Amino acid sequence: MSIALSIGNNLTTGGVFTADAVNNTSVTNVTDFASVPAGGALKLLSTQTASASASISFTTGIDSTYDSYVFKFINIHPSNAGTNFRVNFSTDGGTNYNVTKTTNVFASQHFENDSSASLSYQAGQDLAQSTNPQMFMVLDNANDSGGAGELFLFNPSSTTFAKHFIAKGTGFVVDGGNPKEYDMYVAGYGNTTSAIDAVQFSMATGNIDDGIIKMYGVV
């Protein structure tokens, strides 16, 4: 007997459980559970590992199968010091990464020696109807440095709405010889009604020396 049938036999026409709905045998007699979508679960679609890579591109798997996609960044390490990790989008399968974007950017920082901490809007890092890549992580190339974060892309296959995205990146950065934690919070939209079907990540200068990027579909 399935749990759905067990419950169904103990409901009134008004949807109220009867007194027999739950008893000593109501659970032990169940032999199978109906399949119920989990909602919000992540399905791993692709994993790429950087190795002195000029860029990492995801050109397959971004379609109408999922309403939302999540990218996770693990131990992203640049070849150059004091650079930025960036994202751009494509509507032609990755031939061009030039979707027009408008964004806002906040950053927080805290030095290891506790000399300074701040939270501020980054007017020089946001975009206003620009096709440039959007940075969302500040990185250093010290051996133990690097960064991590995630990016959410919503309904990329829509041909009606703009394409919203949210990104957060955290980096271990050395500023004037003083190490600090530097976080960035980015939100914005790709101002296009064409479907976004490819996403590319790159450094502002140099290569992605090392790191793992995973792409998930949100079930």
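## Chatting through a strand-rich model

User: Which residues have the most contacts inside the largest nonpolar core, and how many residues does that core have?
Analyst: The largest nonpolar core has 35 residues, and those with the most contacts inside it are F71, F73, I76, F85, F136, L151 and F201. A nonpolar core here is a set of buried Ala, Val, Leu, Ile, Met, Phe, Trp, Tyr and Cys residues joined through side-chain atoms within 4.5 Å. Buried means under 20% relative accessible area, exposed means over 50%, and partly exposed is in between (1.4 Å probe, protein chains only).

User: Which strand gives the largest share of this core?
Analyst: That's β7, with 5 residues. As a general point, nonpolar side chains tend to be buried together in soluble globular proteins.

User: Before we go on, what kind of model is this?
Analyst: It's a predicted model: local features need pLDDT of at least 70, side-chain atom pairs count only at pLDDT 80 or more, and totals for chains, interfaces and linings use all residues. Residues are numbered from 1 along each chain as its sequence is written, and side-chain values use heavy atoms, with hydrogens and water left out.

User: OK, back to F201. What does F201 touch?
Analyst: Leaving out residues up to four places away in sequence, F201 touches S55, I56, F58, F71, F73, F85, R86, V87, F136, L151, I208 and I213. A contact means heavy atoms within 4.5 Å.

User: How many helices and strands are in the protein chain?
Analyst: There are 1 helix and 12 strands, and from the N terminus the helix comes ahead of the strands. Both are DSSP runs numbered from the N terminus: helices are H or I with at least four residues, strands are E with at least two.

User: What's the strand order in the open sheet of 8 strands?
Analyst: The order is β1-β12-β3-β8-β9-β10-β5-β6, with antiparallel pairing. The edge strands, each pairing on one side only, are β1 (42–53) and β6. Two strands pair if DSSP finds at least two bridges between them.

User: How many bridges join β9 to β10?
Analyst: 13 bridges join β9 (residues 163–175) to β10 (residues 178–190), and the two run antiparallel. F165, for instance, has G188 in β10 as its bridge partner.

User: And the sheet of 4 strands, what's its order?
Analyst: That open sheet goes β2-β11-β4-β7, again with antiparallel pairing. Its edge strands are β2 (55–58) and β7 (134–139), each pairing on one side only. β2 is joined to β11 (residues 198–203) by 4 bridges, and S57 stands opposite Q200 in β11.

User: New topic: which residue in β3 has a positive phi?
Analyst: N75, with a phi of about 50 degrees although it is not a glycine. N75 lies in β3 (residues 68–78). Most residues other than glycine have a negative phi.

User: Is N75 buried or exposed?
Analyst: N75 counts as exposed, at 59% relative accessibility.

User: Where is D114, and what is its phi near?
Analyst: D114 is in the loop between β5 (101–111) and β6 (117–121). Its phi is near 65 degrees, a positive value in a residue other than glycine. D114 is exposed too, with a relative accessible area of 56%.

User: Last one: what share of the protein chain counts as buried?
Analyst: 36% of its 219 residues. Also, among contacts with a separation of 6 or more, 75% are between residues 24 or more positions apart.
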